[in-house]
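Visitor: Could you take me in for a close look at a single part of this one, and then wander out from there to whatever else is worth a stop?

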There are 4 protein chains.
Amino acid sequence: MDSFRVRTDLALEARENIEIDAENLHGVQIFETYDEKSEVRITKVVIETKNGSKVMGKPIGTYVTLEAPAMIEPDENYHKEISMALAEQIREIIPGLNHEQSILVIGLGNRDVTPDALGPNVVDNLIVTRHMVKEYGKAAFNNEEIHVVSGIVPGVMAKTGMEAAEITQGIIDQTKPDVVIVIDALAARSTRRLNRTIQITDTGIHPGSGVGNHRNALTEENLGVPVIAIGVPTVVDAATIVGDAVDKALKGKVNDHIEIREEMLNSLGELRNMYVTGKDVDFEIKQISHIVCDAINKALDLSY
Amino acid sequence: MDSFRVRTDLALEARENIEIDAENLHGVQIFETYDEKSEVRITKVVIETKNGSKVMGKPIGTYVTLEAPAMIEPDENYHKEISMALAEQIREIIPGLNHEQSILVIGLGNRDVTPDALGPNVVDNLIVTRHMVKEYGKAAFNNEEIHVVSGIVPGVMAKTGMEAAEITQGIIDQTKPDVVIVIDALAARSTRRLNRTIQITDTGIHPGSGVGNHRNALTEENLGVPVIAIGVPTVVDAATIVGDAVDKALKGKVNDHIEIREEMLNSLGELRNMYVTGKDVDFEIKQISHIVCDAINKALDLSY
Amino acid sequence: MDSFRVRTDLALEARENIEIDAENLHGVQIFETYDEKSEVRITKVVIETKNGSKVMGKPIGTYVTLEAPAMIEPDENYHKEISMALAEQIREIIPGLNHEQSILVIGLGNRDVTPDALGPNVVDNLIVTRHMVKEYGKAAFNNEEIHVVSGIVPGVMAKTGMEAAEITQGIIDQTKPDVVIVIDALAARSTRRLNRTIQITDTGIHPGSGVGNHRNALTEENLGVPVIAIGVPTVVDAATIVGDAVDKALKGKVNDHIEIREEMLNSLGELRNMYVTGKDVDFEIKQISHIVCDAINKALDLSY
Amino acid sequence: MDSFRVRTDLALEARENIEIDAENLHGVQIFETYDEKSEVRITKVVIETKNGSKVMGKPIGTYVTLEAPAMIEPDENYHKEISMALAEQIREIIPGLNHEQSILVIGLGNRDVTPDALGPNVVDNLIVTRHMVKEYGKAAFNNEEIHVVSGIVPGVMAKTGMEAAEITQGIIDQTKPDVVIVIDALAARSTRRLNRTIQITDTGIHPGSGVGNHRNALTEENLGVPVIAIGVPTVVDAATIVGDAVDKALKGKVNDHIEIREEMLNSLGELRNMYVTGKDVDFEIKQISHIVCDAINKALDLSY
């Protein structure tokens with residue numbers, strides 16, 4: 001995508017928001033699991049009705065967040081555990097995986113901007129099977145059941161002149177997958193979410209969910225096939241982080257707090273479309289790409 | 001594409017083939033120009049009739065070869081001259097460039113294999129306008145006439161699971177360009193052609209014209225829009241080079257020359273799909289990519 | 001370097017600081033030129049005496065800042081003008097360029113982190129001559145005078161285990177250059193300086209001038225040869241930008257402004273070693289790398 | 001290195017050469033092991049005396065070849081087995097690994113030429129410890145014994161203007177490692193050796209062992225520390241492959257076989273410094289880089 005999308009982490013915010021009385025919230029279910037050994041916490045929010053959708057401010061669907069505090073620690077065993085937990089969530093959320101499916105994986109993002117290269121990196125290392133199945137049929141895989149997997153990196157509009165959604169729609173019309181998985185780097189609203197959460201949803205990628213990306217919808221409504229979106233915050237939105245800092249500093253200290261904040265944000269307009277990232281971002285992206293790629297290969301039972 | 005295509009250089013072979021009596025060849029016209037200052041030689045073969053097509057063994061259409069012996073010499077002025085000559089040929093061969101056209105540029109090839117990265121490198125540096133025109137209209141360009149240019153790198157089947165033709169067709173259906181330009185690295189049949197010729201044709205890329213690429217047709221018949229193909233030999237086909245060497249060595253020396261050659265080629269089966277390249281191939285690809293990219297930008301009047 | 005260095009832009013701050021009475025400042029000279037056509041402004045601060053050094057808080061030496069507001073506008077002609085202006089400044093600041101010199105160019109930075117890849121990109125595209133001169137002597141260059149140029153990308157300590165200064169010292173001892181030019185990406189203190197200024201100094205790169213780089217001195221004192229440092233701010237230091245935003249918001253509104261700010265910065269400790277960058281950073285780095293590389297090639301009279 | 005070195009695979013040739021009567025060869029010992037499960041064959045040739053050196057045409061030292069026919073099959077388990085076997089050989093051949101050593105790993109090669117990027121890829125993914133040990137001492141590693149590991153990619157002379165040996169010598173003088181490990185891509189003499197053998201020797205890299213690299217010696221004599229060289233043939237030397245093909249075709253068929261061959265090789269002079277490679281070379285290099293990198297990390301007990 002042309003810029004990082006600031007996506008509300010619905011699941012985490014639902015969990016953290018003490019004003020939501022989960023048991024009394026009609027049309028919304030919240031589940032939470034925590035594995036002590038791997039330290040992986042999974043929060044799932046399922047919005048089932050229009051009422052639930054209105055209250056939560058999000059479309060009907062499933063929203064999962066996997067939190068792994070040490071996601072970027074270079075520990076191979078820990079990564080395997082995170083991959084396995086993520087693989088399980090992916091398997092659960094993709095419809096119809098119990099029989100052979102045709103799956104198109106889209107790696108959104110700009111491969112030449114390090115923190116935005118997550119999608120491309122994952123797709124570059126994915127195990128694709130579609131060409132082998134087309135050429136040799138099941139014989140290529142010992143006549144076992146196999147998902148027909150393909151992958152593409154559509155690039156960003158500034159370099160292609162086209163929306164990822166246009167490219168994706170065109171490919172879907174030609175190759176007719178049953179499901180589309182989209183992988184994307186996100187902008188978190190705080191450093192607390194950075195490099196430690198993975199968001200999965202079956203509601204795809206909605207317009208307006210990103211900074212400046214109001215046109216770029218990759219949803220079942222638009223594309224005609226279910227769209228599973230996997231997103232990882234790899235940067236923090238600069239305007240948000242500055243605004244929050246000012247809020248914190250001003251809270252309770254001044255009366256016209258809100259006006260001061262607005263006034264300041266206006267004068268800091270140049271922070272729009274800017275992101276905060278650390279110096280080891282190349283290492284972080286490598287780690288996270290491996291975890292997500294392994295998880296997808298596992299979820300789709302792909303191996304060489 | 002999944003491997004380099006060994007494309008007969010029709011234009012050069014027409015020029016070099018003393019058995020073709022050009023003036024008497026019905027349905028085929030051959031033109032040749034040589035610029036002494038730039039040392040650029042342009043040979044154009046136009047096959048106009050079915051008869052000409054049968055004799056030449058190629059579809060009806062135009063085949064241009066630009067020869068520049070010092071193409072990879074790192075001389076910026078010389079590169080400008082080659083770009084200008086190439087831009088002129090591109091302008092002539094694309095239908096309808098006198099009015100605004102919508103043009104999709106496809107960079108075939110594997111960006112991770114140095115000699116096959118020509119297409120991706122060219123498209124990566126192309127000036128695209130389509131997103132600006134869609135967003136702002138002509139106002140973005142001083143209300144002047146402007147071609148609507150987009151670009152894509154489809155990747156290779158081994159990594160995407162899809163044929164470049166499928167991806168291209170899908171994108172064409174979505175964005176409806178008037179013309180498609182395809183850029184591709186080729187395998188030459190001899191080191192004499194390497195890094196010094198650029199082939200341009202309006203017959204697109206035909207099946208069977210490449211090593212192992214018999215399915216991958218990017219032609220007007222398949223895609224529904226005119227396809228201009230620009231190819232540059234960046235490697236030499238290994239089996240060809242070995243076969244030719246043996247031919248040369250055996251010619252006139254042995255009787256059963258042909259059988260020996262066949263016998264040898266069989267035992268050298270592992271040379272199939274292998275290519276000969278030099279150690280400075282990264283430098284060569286960079287030079288050639290710049291020349292081709294500049295030429296396209298010039299031909300389409302693209303500038304920032 | 002392991003992280004971006006936040007370098008005080010001495011020249012600009014001298015110009016902007018109304019408390020410095022330039023004419024009365026002993027031991028410091030300030031020069032300023034502005035070219036209307038190219039819109040390039042050059043500010044030069046020369047600290048000549050210990051007194052000047054103490055007042056300015058910087059070592060004796062020359063500090064030049066070139067400002068070009070439209071540096072990242074993709075305009076080739078404008079880039080040529082900036083390169084020429086920069087080339088002139090480089091020529092002036094390198095000692096002894098009127099006769100043949102041996103010059104080692106160091107591209108500091110991490111090539112895998114987009115905004116930190118400036119140094120590596122410049123050195124990758126530099127015209128090096130040392131191997132040709134060693135092999136063929138002046139005959140390779142028409143027996144004309146030629147500078148002996150070499151280049152290296154030392155990488156970052158997190159990936160090599162070694163300081164750039166150690167690697168550089170080792171290479172200097174072996175190849176004995178007369179001058180070293182170091183190129184580095186910097187962290188600006190505000191978005192106003194981003195992608196529009198180039199800083200050149202003959203005082204090298206001092207310890208403590210960077211975030212977390214207090215050991216990494218590349219100076220004449222350490223290395224035994226003059227060190228010219230060329231730096232371009234490509235990111236903004238996150239802690240600085242947040243602190244400044246809070247300052248601006250609080251100024252005049254609260255009494256305990258300073259304590260609030262400090263308190264806030266402490267709680268935002270995670271912003272240390274974090275940087276703000278835009279989404280088009282790949283495009284910006286490409287533009288700036290070309291400008292700096294062209295300028296060095298020009299300054300050293302290097303051409304193919 | 002500036003081009004692939006065609007290194008005689010001493011170990012394999014010793015094994016294959018029926019004219020060598022191993023038991024009677026004074027001053028040379030040949031060992032061979034074969035593991036049925038992993039299909040890895042290890043051949044070790046130890047030249048112990050001047051006589052042995054003269055007969056074998058190689059310096060005194062140890063030469064190991066590990067053959068793994070399915071090295072580039074994308075099978076993770078198989079790769080683990082090859083890595084472990086290679087790790088064992090590396091551990092045996094590096095002097096003094098039973099106590100803490102300081103080890104500098106050099107990744108020779110051009111990272112921008114796919115088949116020559118083996119060295120750089122391995123070093124890019126190596127676990128380096130030197131900076132941590134310097135900063136925190138053993139405390140960083142639970143006070144356990146740890147090798148002090150550093151790594152560098154010197155680049156190629158065409159781009160740096162300097163020999164890898166010069167850069168390496170400079171770094172050795174500064175950081176004083178106990179041992180140097182050099183990783184390099186090689187040119188095999190036949191496709192049979194391609195992507196299936198790994199050569200390890202403690203005689204370093206000798207001048208003249210490569211195409212056009214007669215100056216570039218990385219040996220204990222030159223550098224003052226033991227040099228372990230690990231090489232993997234990733235390309236085939238073009239001149240050799242053509243010459244061998246002609247030999248095979250001509251053998252027994254013509255009298256003046258040798259003259260014909262020479263005559264032909266002269267006219268194929270352009271094949272000098274050219275190499276034969278396959279279209280999946282990016283995938284192959286990735287696989288081999290992982291195997292070698294894992295092996296080194298294992299051999300040096302490196303883990304995060």
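Guide: Sure, let's start with a strand in chain C: S3(C) is joined by seven bridges to strand S4 of chain C, residues 61–67, and the two run antiparallel. Bear in mind that this is a predicted model. If you want a spot to anchor your view of that pairing, look for C:Thr43, which stands opposite C:Thr65 in S4(C).

S3(C) has another partner as well. Strand S2 of chain C, residues 28–35, pairs with S3(C) over eight bridges, again in the antiparallel sense. Here the place to look is C:Tyr34, which sits opposite C:Arg41 of S3(C). S2(C) and S3(C) form a hairpin with four residues between the strands, and in that hairpin C:Glu39 takes a positive phi near 60°. As for S3(C) itself, which covers residues 40–47, the strand is mostly covered, with seven of its eight residues buried.

Now step back to chain C as a whole. You can lay chain C on chain B with a turn of 180° and a shift of 0.0 Å along the axis, and the RMSD comes out at 0.0 Å. The two copies are therefore related as by a two-fold rotation axis. To find that axis from chain C, go to C:His290: its C-alpha is the one in chain C nearest the axis, 6.9 Å away. Both copies use the same surface, since 100% of the contact residues of chain C recur in chain B.

Chain C also shares something with chain D, namely the largest cavity. A search of the whole structure turns up eight cavities of 30 Å³ or more, and the largest holds about 450 Å³ of space. Its lining has 28 residues, and those nearest the centre are C:Arg111, C:Val153, D:Arg111, D:Val153 and D:Gly155. In chain C, helix H4 (118–124), strand S6 (148–152) and helix H6 (157–160) each give at least two residues to that lining, and so do H4 (118–124), S6 (148–152) and H6 (157–160) of chain D. By type, the lining splits into ten nonpolar, ten polar and eight charged residues.

One last stop in chain D: D:Asn297, in helix H11, residues 281–299. With 9% relative accessibility, under the 20% cut-off, D:Asn297 counts as buried. Beyond its neighbours within four places in sequence, D:Asn297 is in contact with D:Asn125, D:Leu126, D:Ile127 and D:Leu302.

Conventions: Residues are numbered from 1 along each chain as its sequence is written. Chains are lettered from A and ligands numbered from 1 in the order in which they are written. This is a predicted model: local features need pLDDT of at least 70, side-chain atom pairs count only at pLDDT 80 or more; totals for chains, interfaces and linings use all residues. Side-chain values use heavy atoms; hydrogens and water are left out. On a 1 Å grid over the protein atoms alone, a cavity is a set of points where a 1.4 Å probe fits but cannot get out, and a pocket is an open set with protein on both sides within 12 Å along at least five of seven lines; lining residues have an atom within 4 Å of a point. Grid points are joined across faces, edges and corners, and a volume is the space filled by probe spheres set on the points. Ala, Val, Leu, Ile, Met, Phe, Trp, Tyr, Cys and Pro count as nonpolar, Asp, Glu, Lys and Arg as charged, and the others, Gly among them, as polar. Copies are superposed by least squares on the C-alpha atoms of residues with pLDDT of at least 70 in both. Contact means heavy atoms within 4.5 Å. Buried means under 20% relative accessible area, exposed over 50%, partly exposed in between (1.4 Å probe, protein chains only). Two strands pair if DSSP finds at least two bridges between them.
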